[in-house]
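Me: I should like to understand the terms used for the surroundings of a ligand and for enclosed spaces in a protein. Please justify each term as we proceed.

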Amino acid sequence: MSTLAIIGGTGLSRMEGLTIERREMVKTPFGAPSCPIIFGEYSGKSVAFLARHGSKHQIPPHQINYCANLWALHSVGIERIVAVGAVGGIAENCSPGSIVVPDQIIDYTHGRENSFYDGTHGLNGVNVKAIEFSEPYDATLREKLIKGGDASGQTIVSEGTYGVSSGPRLETAAEVLRMERDGCTVVGMTGMPEAALARELEIAYACCAVVVTKAAGKAGPVDTNALPAAVESGMKNVRQVLDKALAIL
Ligand code: HPA
């Protein structure tokens, strides 16, 4: 059985090229995950796949049941996760089409269930615990994503800080400026609490962030009409990265 899962984001609710072997809807103490987990083969590798926004892309970022998703993956034996997500580019080198493998996170989200250590559920009989999170992403997974990305010929930005906003609206220009001053290189809406929940479950986790637009104010207003095409084109780049990365993952 595979221990590797891909969490697909906007534009990646279906894994083209994934040979599906079975689907499993996992029950969790936190309710239902976004959709059934799909088990199959991709690029000759056994992988599990979960569409973060649901199989029909029907769940907005602030309403995703992150706890259920991560719990479900853990309960089927997943030990490594590559999380794909669409982001806006803040730093100059983060232009549409490029793929960022961030090494840091700043969490601007609010109102999300963000821990298994919520005083009620807990893990392994412990209800209250603060996890170590100074390096939020797994170094080995990141290295392999970067190697695969370089081999794919795509533009890879091999470090950066993912600022996570709550959404579902896009940011104001002032919010993006503040994030830039804080050191964020990209902004997206789904990077947290996913990464922290994975760490609580001791699942190795790395992110493949696809820049689909410049963030608000960086090139004028965000052209929301152009988003679907930009997302589709960005996800083509991600597939090429995954094709190469999976061979070494
Ligand atoms: N902000 C937040 N999330 C995003 C953006 C953005 O500019 N672009 C794509 N996802």
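Me: Which element gives the most to the shell around the ligand?

Reply: In this predicted model, strand S5 gives the most to that shell, with three residues. The shell includes Ala86, Val87 and Gly88.

Me: What makes the pair formed by Glu171 and the ligand a polar contact?

Reply: An N or O atom in the side chain of Glu171 is 2.7 Å from a nitrogen atom of the ligand. A polar contact requires a pair of N or O atoms within 3.5 Å, so this pair qualifies.

Me: How do you know that Gly88 and Thr213 also make polar contacts with the ligand?

Reply: A backbone N or O atom of Gly88 lies 3.3 Å from a nitrogen atom of the ligand. For Thr213, an N or O atom of the side chain is 3.3 Å from a ligand nitrogen atom. The cut-off is 3.5 Å, and therefore both pairs count. Taken alone, the ligand exposes 260 Å², of which the protein buries 92%.

Me: What is the space taken by the ligand called?

Reply: That space is the largest pocket. A pocket is an open set of points, whereas in a cavity the probe cannot get out.

Me: How many cavities of 30 Å³ or more does the structure hold?

Reply: The structure holds one. The largest cavity has a volume of about 40 Å³, so it passes the limit of 30 Å³.

Me: Why is Arg52 counted among the charged residues of the lining of that cavity?

Reply: Arg52 lines the largest cavity, and Arg belongs to the charged class, so Arg52 is counted there. The lining divides into five nonpolar, three polar and two charged residues.

Terms used:
Residues numbered from 1 in each chain as written. Predicted model: local features only at pLDDT ≥ 70, side-chain atom pairs only at ≥ 80, totals over all residues. Heavy atoms only, no water. 1 Å grid on protein atoms, 1.4 Å probe; cavity = no way out; pocket = protein on both sides within 12 Å on 5 of 7 lines; lining within 4 Å. Near = heavy atom within 4 Å. Polar contact = N/O pair within 3.5 Å; in protein donor to acceptor, adjacent residues only side chain to side chain. Areas by Shrake-Rupley, 256 points an atom, 1.4 Å probe, with all protein chains shown as cover. Sits in = over half its atoms within 2 Å of the grid points. Helix = DSSP H or I, 4+ residues; strand = E, 2+ residues; numbered from the N terminus.
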